[in-house]
Amino acid sequence: MKTAWVHRYAVFTACATLFLIVAGGLVTSTGSGLAVPDWPLSYGQWFPPMVGGIFYEHGHRMVAAGVGFFTVLLAFWLAWKERRSVRTLGWIALAAVILQGVLGGLTVLFLLPAPISVGHACLGQTFFCIVVAIAVLTSPRWKSLSRENESAAISALSIMTASAIYLQLILGAVMRHIQAGLAIPDFPLSFGHLLPPQFDLPIAIHFAHRVWGAVVFLLALLIFVHVKRRYSGVRSLILPASILLALTAAQIILGGITIWMEKAAIPATAHVATGASILATAVVLAMTAVRRFALRRASWRQLFSSGHDYYILTKPRVTFLVCVTTSVGYYLASSGSMHAGHFIWTVAATALASAGAGTLNQVLERRIDGLMKRTAGRPLPTGRLSMVQGAGFGIALCVLGLSLYYTQVSSKAAVLAAITLVSYLFVYTPLKPVTQLCTIIGAIPGAIPALIGWVAGSGSLSIGAWILFGILFFWQLPHFFSIAWLYRDDYARAKLAVLPVVDPSGQRTARQTLLFSIATVTIALLPTWLGLSGLIYLAGASILGVIFFSHCLVLARERSVACARRVLISSVVYLPFLLALMAADKQ
């Protein structure tokens, strides 16, 4: 019974602290921070006339004094009745509330300097979390929580989410105290765009607050889905996870209302109070998860390995190369200075669409990947991720990428991206077990990103776009043939009809590698003759071409694994250096 009374008093103190946060929010929302210019007295009095802004500022001080008194009683009560860890937390709470009072005084005496005001706001949230933690630790239900022997990802995920929420509150405090609340006057767009067309410090802080809010919502959604699937019968987890998701959604709506109503006091204060409630809920969830599931290295490893599996699905190296070719096409096609925002959206859309295509390719080829030693360890063949998870992730990436192309880049770029996805997933991929021509067909979607970049940069496709397309198209063939030669046993095991498998002697493979390398090197010289690049590019492209061709020539003569590996290495070196030269010596 005595423990229950301590818990009830801790809950009361936590509620009083939340009320204090509401009172502080009213002070900032009504602009009453300097309505009382002295401290600790108010106009030299303990209780001045409660009119205008004095009502909010002095009322805030009165509530703060009450919370300070409650905290003193709580700290001494815990020191008398509770275990050592809880006693220590009580003394920390007392120290925090004293420091908070001092910071509050300094904000007035120094006329609301932003650093001190932000520190005051952040310490208030920290103090609230400490009191909430005390209320949880003194609860009779805390000790009755059943402990599991396993380590679970929910422990690490809940701690990560609470940390992300605290960072979001810091961004919000900075935004309020540098007067950036209406730096972006519309919502959910920014000056009518997804990305603000110009940036200064207030706009950057405001936009970062919005973006990080979306991240927090996704983390809350992820926690809810995870708990709902694995711990739907565990009330101590499902209840705070549900409240966290609901509050986070409500917070986003309140943020929009605050902007639409031009920072009216009621929605702005409600936004501050809801943010504190979200943080408290996340703290309760994190404490409960860690209590039930020991936070060991395994839980962190499980969490990050799951994220790494999704990362693997995106084929990051291929996606990076696709982004590079798109960027080069954009830069070469653009005249004058590039529009930074448009360029960023183009690269972002390319990354999403390419990552989605790579993911869906692995979904379609999960059985084939499981037969090949080189790919058997991927997330889908091993079962670390299900087909539904992979398909959902890939479709989401593709839809988001195409949407960005259409809304932020151009309809032509969106059409080319859609052609790339369809030809890669539904033409090239199904043909791999059927015909050796799949490699040539697959080189088409592999080269289209250069066209996407070009049409995004200039609005049309000129001869330069098709030259860049030709370089990428022909370069892919010797590059892939060398890979297939090195792993032809794998490809044969998976019954893929690539050329090195259907050509056991290697004669046709070597001959085609040599022919396509000649085509690559020849087309790569055209930009100078057409005035797209200068003599520096011509010299560099010639040297790179001789090196690349010589390795392909040696392979045609010797047809060995060592020669195929040298062709692969030279192809990997050839393309990025060629593109860099082309960009550097643009005419």
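Okay, let's start with the salt bridges: searching the whole structure turns up four of them. Keep in mind that this is a predicted model. I'll go through three of the pairs, then the overall layout, then a cavity and a surface patch.

Take E57 and R61, whose side chains make a salt bridge with an N to O distance of 3.1 Å. Both residues sit in helix 2, four residues apart, so about one turn of the helix. And are they buried or exposed? E57 is buried, and R61 is buried too.

Now for a pair that reaches across the sequence. E365 and K432 meet through their side chains at 2.9 Å, N to O. E365 is in the loop between helix 12 (340-364) and helix 13 (366-371), while K432 is in the loop between helix 16 (411-431) and helix 17, so this salt bridge ties together parts that lie 67 residues apart in sequence. Again, both partners are buried, E365 as well as K432.

Then there's D369 with R378, where the closest N and O atoms of the salt bridge are 3.1 Å apart. Why does D369 count as buried? Because its relative accessibility is 3%, and the cut-off for buried is under 20%.

Right, zooming out. What is the thing built from, in terms of helices and strands? The protein has 24 helices and zero strands. Along the principal axes, its C-alpha atoms fill a box of roughly 95 × 55 × 35 Å. There are 587 residues, and 50% of them count as buried.

On to internal space. If you ask how many cavities of 30 Å³ or more there are, the count is one. The largest cavity holds about 40 Å³. Which residues line it? You've got L332, W454, G464, I467, L468, P527, L532 and M582. Helix 18 gives the largest share of that lining, with three residues. By type, the lining comes out as seven nonpolar, one polar and no charged. The polar one is G464, because Gly is put with the polar residues in this scheme.

Helix 18 comes up again on the outside. There's a nonpolar surface patch of about 650 Å², made by L461, I463, W466, L526, W529 and L530. Two elements give two or more residues to that patch: helix 18 (463-486) and helix 22 (526-529). So where does L461 sit? L461 is in the loop between helix 17 (438-458) and helix 18. As for its exposure, L461 counts as partly exposed because its relative accessibility is 35%, and partly exposed runs between 20% and 50%.

One last residue, back towards the start of the chain: Y43. You'll find Y43 in the loop between helix 1 (2-29) and helix 2 (53-81). With a relative accessibility of 45%, Y43 counts as partly exposed. How far is Y43 from I54, C-alpha to C-alpha? They're 9.9 Å apart in space, and 11 residues apart in sequence.

So, to pull it together: we have a predicted model with 24 helices and zero strands, and four salt bridges across the whole structure. Helix 18 contributes both to the lining of the largest cavity and to the nonpolar patch. That's what I had, thanks.

Definitions and conventions. Residues are numbered from 1 along each chain as its sequence is written. This is a predicted model: local features need pLDDT of at least 70, side-chain atom pairs count only at pLDDT 80 or more; totals for chains, interfaces and linings use all residues. Side-chain values use heavy atoms; hydrogens and water are left out. Patches are made of residues with over 30% relative accessible area and no salt bridge: like charges are joined within 9 Å, nonpolar side chains (Val, Leu, Ile, Met, Phe, Trp, Tyr) within 5 Å. Accessible areas come from the Shrake-Rupley method with a 1.4 Å probe; for residues, only the protein chains shown count as cover. Buried means under 20% relative accessible area, exposed over 50%, partly exposed in between (1.4 Å probe, protein chains only). On a 1 Å grid over the protein atoms alone, a cavity is a set of points where a 1.4 Å probe fits but cannot get out, and a pocket is an open set with protein on both sides within 12 Å along at least five of seven lines; lining residues have an atom within 4 Å of a point. Grid points are joined across faces, edges and corners, and a volume is the space filled by probe spheres set on the points.
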